[in-house]
Amino acid sequence: MSNNEVTGSDLGTLVLESDPVTHHRSSGLRQLLRRSAPVFAIAPFLIYSFLGLGIPAIAVTYYAFQKEHGGWTFSNIHFMLTGEQHVFLTGFENSIKLGLLSAVIPGILGVFIAYAIQTSNSNVLRRLTSTAAGVLANFGGINLTFMFIATLGSGGVLTLWLADIGIKLSNIGFNLYTFSGVLVVYMYFQLPLMVLVVTPALGGLRASWREAAENMGASSFQYWLRVGIPVLLPSILGGMLLLFGSAFAAYATAETLTLGLISLSPIQIGNYLNGNVIAGQTHVGYAIAFGMLVILSITMILYSLVRRRASKWLR
Amino acid sequence: MAPLVGEVAEAENESVPPFSTGSSKRRRRVRWWRGVVLVLAGAFFLIPIYAGIKFSLQNSASHFSFQAYEKLTSAPGFTAALTLSLKIALVTMVVSTLLMVPTAIYVHIRLPRLRRLLEVVTVLPIVIPPIVLIVGVLGVFPLWAKSSPYLLSFMYVILAMPFVYRSLDAGIGAIDLKTLTEASRSLGGNWSKTMWRVVLPNIRPALLSATVLTLALVFGEYTMAQLDLWQTIPVWIAQFQVSTDGPIQVAASMLGLVGTWVLLLFVVSIDRSQSRRNRKKLRA
């Protein structure tokens, strides 16, 4: 604004008769400013995101295809796919298995819990669970590790309770410090996440749909089969894809619970970064990270497709 | 966000007139399985909390004592870790607020078309795992950045983006921002005044809950801190020598979990009482 005025008066003293021109000029400048204002306003956000998200992702991709001392190569990827007796492939396999299991189980149970909370008429319960879900879904895995050691570890409270009624956890194949334990601990943040994700969708189920179905003689079962579940399905699937991503990527709980001994892709990357590396293979860590990016990109493409379908009914 | 949705749904449920006999039978059945689901879920979520608290309130001879909590403050490295975490948290919250609030408001008022873009960008930190991000960052960032603990703050702002943006977006969406700013402008307020006196007070609940969640994130984040070799509170808990005092780790974890929850409940209830007071004022 002030900038424009200065230029206007400067030009005015120089070329008195060409007022229309200066006017035209300053309005052009103003227009330029106005048009570029949006760019300036969200530029900090975009630059920040690029530095914090774009650069690391590009770096990982770049180094995955670079030799240790420069130059393009596929050897990192090749080593990841074939080297060390397929230990990295096993890592991916375990991670995907863990991701799927801890997406489907909490994904289904989460819907029931969210529905139960939603249809209860207790405001206190609703407030308590919505804040608790927020905390638990975002809270770091490290605290969960120690909480579950106190619960299901060898001297844990629940372990002792179950032993009292004659159930020995080790006999049914459960060990907190292995895959099964990690899965149970993951449920503790996956369930709240699912409740958070699916609650808005449940709110979108209109009471009038149910009434319409009932008036036409539908049973509760028929209503859910023909109306409720088809409408909710995209949201539920979307939520599950999100859960898959979150479990696939999680590091803290698995690392601290198993002391880094479980073979999951994030743990393997961590080992590379912590320097437990054979010389000459330092870039394999980048290759694994790149592999994770690829799998997660596919997940997210699916997620956005499902989301588009979900927004058709619920809005 | 969630409570709002719940309220709408409740209003809808209540408006359903129980005109058919099948409906009341159904309702009884719903209540029955609802109870079972809630009890089971409650057990799953509460037993570990109970176990954690019980475990942390035991001394080495399994008797009740506050020993673990008393020893916590004097445990080696705890104060340093706490100070570091607090510093990182403070910087994270300030940067996050300065970056996200103006952007969210501006996009809402002037560039609604870009909301879609913002939503996509702010979902990316959920998509790209922290471990991949920190690997990339440690690979390319200059040494001066890598040697500063505030590199973690820089990355935590990114990690916090999904829920900070969603919280702000919901908060701004719930008020009629356009009318408010136009009213303020036509009463002669300039932009800064409009921001301070009109917009910010109206989105304060959203801002508060975003801040608390950011705090929780900083005090719970382990992956990046551990790989960047800074001993923040979570890293300290994990690396603490179990042989000397097991319950201390559990005590610290429980403090973190319960503390965050209480803080968030507090923020939510401030928000409630505030809006109730406002409503009362309006009525009077």
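I call a crossing right-handed if the near helix is turned clockwise from the far one by less than a right angle, and left-handed if anticlockwise. I keep in mind throughout that this is a predicted model.

**Entry 1, H9(B) and H10(B).** With that convention I looked at helix H9 (residues 177-186) of chain B and found that H9(B) passes H10(B) in a right-handed crossing. For H9(B) and helix H10 (residues 191-202) of chain B, I noted a packing angle of about 155° and axes 10 Å apart. Angles over 145 degrees count as roughly antiparallel, and the two helices are therefore roughly antiparallel to each other. H9(B) brings Leu177(B), Leu180(B), Thr181(B), Ser184(B) and Arg185(B) to the contact, while H10(B) brings Thr194(B), Val198(B), Val199(B) and Asn202(B). I sorted these residues by class and have 4 nonpolar, 4 polar and 1 charged.

**Entry 2, H5(B) and H8(B).** I then turned to helix H5 (residues 115-127) and helix H8 (residues 150-174) of chain B, which pack at about 130° with their axes 7 Å apart, and which are therefore oblique to each other. Here I recorded a left-handed crossing of H5(B) past H8(B). On the H5(B) side I listed Leu118(B), Thr122(B), Val123(B), Pro125(B) and Ile126(B), which meet Ile158(B), Leu159(B), Met161(B), Pro162(B) and Tyr165(B) of H8(B). The class count for this contact is 9 nonpolar, 1 polar and no charged residues.

**Entry 3, chains A and B.** Finally I looked up the contact between the chains, to which chain B gives 77 residues and chain A gives 68 residues. Helix H2 (residues 21-56) of chain B supplies the largest share of the chain B side, with 16 residues. By class, I noted 54 nonpolar, 16 polar and 7 charged residues on that side of chain B.

Methods: Residues are numbered from 1 along each chain as its sequence is written. Chains are lettered from A and ligands numbered from 1 in the order in which they are written. This is a predicted model: local features need pLDDT of at least 70, side-chain atom pairs count only at pLDDT 80 or more; totals for chains, interfaces and linings use all residues. Two residues are in contact if their C-beta atoms, placed from the backbone, lie within 7 Å. Helices (H or I, at least four residues) and strands (E, at least two) are DSSP runs, numbered from the N terminus. Ala, Val, Leu, Ile, Met, Phe, Trp, Tyr, Cys and Pro count as nonpolar, Asp, Glu, Lys and Arg as charged, and the others, Gly among them, as polar. Axes are lines fitted to C-alpha atoms, for helices over the stretch in contact, and angles run from 0 to 180 degrees between N-to-C directions. Angles under 35 degrees count as roughly parallel, over 145 as roughly antiparallel, 65 to 115 as roughly perpendicular and the rest as oblique.
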